[in-house]
Amino acid sequence: MRRALIVIGGVIGIIVLIVAAVIGYAYFNLNSIIAANRERLLARASDAIGRPVEAAQINASLGRGVSVEITGVKLDDDPDFSQLPFVQADRVFLKVEFIPLLFKEIKVTELVMSQPQIRIIRN
């Protein structure tokens with residue numbers, strides 16, 4: 001019985017170390033991970049919104065969740081209505097839950113736009 005508890009404890013310890021290593025890797029390399037997947041992230045955002053999304057720079061940091069700062073954000077308008085961007089902002093700040101990111105889901109808890117320009121065209 002004692003040997004079984006030691007083996008189970010060892011397995012749990014190894015799992016905890018692996019999870020800690022993955023979280024540590026993500027913590028110290030978060031911006032390089034984002035830079036390597038930048039085009040894919042913007043493509044997924046474009047698909048989710050249904051309009052092309054552009055961004056000059058994307059930076060992230062870990063704290064009580066993940067904070068993301070995106071500069072030079074442009075959300076294009078439907079080409080049938082206008083060639084100008086629908087939404088344009090100098091900076092966009094996002095707070096994202098950490099645990100869903102591990103399962104490739106993004107859950108935004110806060111969104112703040114700095115100096116947004118929104119063009120609304122009535123037809």
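Trainee: How much area does the protein chain expose, and what share of it do carbon and sulfur atoms supply?

Mentor: The exposed area is about 9,400 Å², and carbon and sulfur atoms supply 61% of it. Accessible areas come from the Shrake-Rupley method with a 1.4 Å probe, and for residues only the protein chains shown count as cover. This is a predicted model, in which local features need pLDDT of at least 70, side-chain atom pairs count only at pLDDT 80 or more, and totals for chains, interfaces and linings use all residues. Residues are numbered from 1 along each chain as its sequence is written, and side-chain values use heavy atoms, with hydrogens and water left out.

Trainee: Why is Ser 46 called buried?

Mentor: Buried means under 20% relative accessible area (exposed is over 50%, partly exposed in between; 1.4 Å probe, protein chains only). Ser 46 has 16%, so Ser 46 is buried. Of the 123 residues of the protein chain, 21% count as buried.

Trainee: Where does Ser 46 lie, and which residues does Ser 46 touch, not counting those up to four places away in sequence?

Mentor: Ser 46 is part of helix 2, residues 38-49. With that exclusion, Ser 46 touches Arg 51, Pro 52 and Val 53. Contact means heavy atoms within 4.5 Å.

Trainee: What radius of gyration does the protein chain have, against that of a compact globule of 123 residues?

Mentor: The protein chain has 20 Å, whereas such a globule would have a value near 14 Å. The radius is taken over C-alpha atoms, and the globule rule is 2.2 Å times the number of residues to the power 0.38. Along its principal axes, the C-alpha trace spans about 75 × 25 × 20 Å.

Conventions:
Helix = DSSP H or I, 4+ residues; strand = E, 2+ residues; numbered from the N terminus.
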